[in-house]
Amino acid sequence: MEQKTYSLVIVGFGGMGSYHVQLIEPSEHLAVTGVYDLVDYRMELAAAKGFKTYDSLEAVLSDETVDVVLIATPNDVHKTIAIQALKSGKHVICEKPVTINSADLLDIIAVAKEEDRIFMVHQNRRWDEDFLIIQDIIQKKKIGEVFHLESRVQGANGIPGDWRQLKAYGGGMLLDWGVHLLDQLLLLTGSKIDSVSSELSTILGTEVDDGFTGFIRFKDGLTAVIEVGTTNFIKLPRWYVKGTEGTAIIRDWDLSGEIVVNNPDVVKVEPKPIQAGQGLTKTMAPPSEESTLRLPIENPESTKQSFYENFVSVIEGKSKPLVKNEEVHRVLRLIETIFEAAEKQVILKGLEL
Ligand code: NAD
C-alpha cells in the first residue's frame, strides 16, 4: 500500500514558521498545505508561496483534510493552540519552548493521550553537528571520562524582535536559547542532577533575562557551565570539554576546534618551566608536543531519522519519538530550577531531577 502524505498547516508564519517550509521540503510524507497567522502581511506572503490561507484557527481545525498542525507562534499561546488542535483530532508539532512552565506541558500531554494524537516538540538542535560531535567524543571516551563541560552561545546584538523582550509572551534568553543548550546537556549524561546555581543577566534593562549562566552538578560528578549571552563582542568557544585523558574545543558552528589527548604510546615527559609574566611556571606549562596527540574534529556518521521523518513514523506507530515529551518536561523543570536558584541567590542542592 502506498504511504500517505500528511497535510500540515503552519500556525504562526513568522521567522521560524516560514523556515519550517524549507525544513519540511525534503520530507516525502509530510507536505505544508496551509498557513494561519494573525497578521495580514504574513498571510499575503503565505498566499504568494501558493499555500492555502485560513481566516481563523477554528477554520484550520475544522478542515478535515488537515492532519498536522505545526505551532510556531510566540511561546505564550503554544499551550492553548496545542490543546485545541489535539481536541480537534490533529497531530501536533510544537516549537520550543513548548510551554512557559512544566505544569502546562503536563496538561498538553494528558490531552494528547486522551485524544490518542501525537504531540512532539521541535528540539531541532539535537541534530546540530557541533552537538553530535561532542556527543560522539563523550560516548567513545575520546578524551577519557568527561568530568566538566561548558556550552555557550554568545552574540552582541541584544534580544532580537519584540515579544522575546516581554515576560507575558515567554520571552527571555533562558526560555529561548537556554532550552536548546539544556536539552543538549541532558542528552550527554545518563545521570540525574544533584545541584544547580545560576545568575541571570539583565544588562540590557529588559524585563526578561538577556542571558544567564547556569552551574549544574550531576550525581555522577560531572559539572557543567551553560551560558547564553547577548552582549558578548568576543565569543568564548561554543564547547569546552575536559576529560581525564584530554580536552576538546569546538569554537563555533563552523566546527573549527581541536582535541588534544595524552599519547598512550609515550612515557609522559616532565614539562619544562616557561616564562609566565614576571615569573616561571611548570604547573601551567603546555603539555609537551611528544606526549600529546591532536585528533581531528570528526563528524560522526548519523543514521538518525530527521525530525519530520521520525514524526511521521511515530504517527504510523513504526518508531518511538526521537524527542520524548518526558525529556522536554525535564528541561522545563531544570529551567524552573535555574530561575529559582537565580532569584534566591542560592545553590539548590539534593535535587531529584
Ligand atoms: P516571530 O515573531 O517571527 O513569528 C511569530 C508569528 O506568529 C508572527 O507572524 C505572529 O503574527 C504570529 N502569531 C502570533 N500569535 C498568533 C496566534 N495566536 N495565532 C496565529 N499566529 C500568531 O517569532 P519566531 O522567531 O518565528 O518564533 C516563533 C516560535 O518559534 C517561538 O516559539 C520560538 O521560540 C520558536 N523558534 C524556534 C527556533 C528553533 O530553532 N527551533 C528558532 C526560532 C524560533
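**Exercise 1. Two annotated spans**

Which residues does the UniProt annotation "domain: GFO/IDH/MocA-like oxidoreductase" cover? Find this span in the predicted model, then describe it beside the other annotated domain.

*Solution.*
- Step 1: According to UniProt (unreviewed entry), this annotation covers residues 134-248.
- Step 2: Look at the secondary structure there: residues 134-248 are 15% helix and 36% strand. The C-alpha atoms at the two ends of this span are 8 Å apart.
- Step 3: Turn to residues 8-122, where UniProt (unreviewed entry) places "domain: Gfo/Idh/MocA-like oxidoreductase N-terminal". Here the chain is 42% helix and 21% strand, with end C-alpha atoms 14 Å apart.

**Exercise 2. The setting of N75**

Locate N75 and decide: is N75 buried or exposed?

*Solution.*
- Step 1: Follow the chain out of strand 4 (68-71) towards helix 4 (78-87); N75 sits in the loop between them.
- Step 2: Check the accessibility. Buried means under 20% relative accessible area. N75 has 3%, and therefore counts as buried.
- Step 3: List the neighbours. Leaving aside residues up to four places away in sequence, N75 touches K96, P97, I100, W163, Y169 and G170.
- Step 4: Pick out the polar partner: a polar atom of the N75 side chain lies 2.9 Å from the backbone oxygen of G170.

**Exercise 3. The ligand and its surroundings**

Which residues come nearest to the ligand? Then trace its polar contacts.

*Solution.*
- Step 1: There are 24 residues around the ligand, and M16, D37, N75, K96 and N124 come nearest. You met N75 in the previous exercise, where K96 was among the residues it touches.
- Step 2: Begin with the backbone. A polar backbone atom of M16 is 2.7 Å from a ligand oxygen, while a polar backbone atom of L38 is 3.5 Å from a ligand nitrogen.
- Step 3: Add a side chain: an N or O atom in that of H78 is 3.1 Å from an oxygen atom of the ligand.
- Step 4: Finish with the cover. On its own the ligand has 850 Å² of accessible area, and the protein covers 82% of this.

**Exercise 4. Nonpolar cores**

How many residues does the largest nonpolar core have? Find its best-connected members, then look for another core.

*Solution.*
- Step 1: The largest core has 50 residues, and L8 and F119 have the most contacts inside it.
- Step 2: Helix 8 (residues 307-315) gives the most to this core, namely six residues.
- Step 3: Zoom in on L8. Beyond four places in sequence, residues touching L8 include I24, L30, V32, V68, L70 and I93.
- Step 4: Apart from this core lies another, of 45 residues, including I259, V331, I338 and L353.

Note on methods:
Residues are numbered from 1 along each chain as its sequence is written. This is a predicted model: local features need pLDDT of at least 70, side-chain atom pairs count only at pLDDT 80 or more; totals for chains, interfaces and linings use all residues. Side-chain values use heavy atoms; hydrogens and water are left out. Helices (H or I, at least four residues) and strands (E, at least two) are DSSP runs, numbered from the N terminus. Buried means under 20% relative accessible area, exposed over 50%, partly exposed in between (1.4 Å probe, protein chains only). A polar contact is a pair of N or O atoms within 3.5 Å; within protein, one must be able to donate a hydrogen and the other to accept it, and residues adjacent in sequence count only if both atoms are side-chain atoms. Contact means heavy atoms within 4.5 Å. UniProt positions are given in the numbering used here, feature names are shortened, and annotations may be inferred rather than shown by experiment. A nonpolar core is a set of buried Ala, Val, Leu, Ile, Met, Phe, Trp, Tyr and Cys residues joined through side-chain atoms within 4.5 Å. A residue is near a molecule or strand if one of its heavy atoms lies within 4 Å of it. Accessible areas come from the Shrake-Rupley method with a 1.4 Å probe; for residues, only the protein chains shown count as cover.
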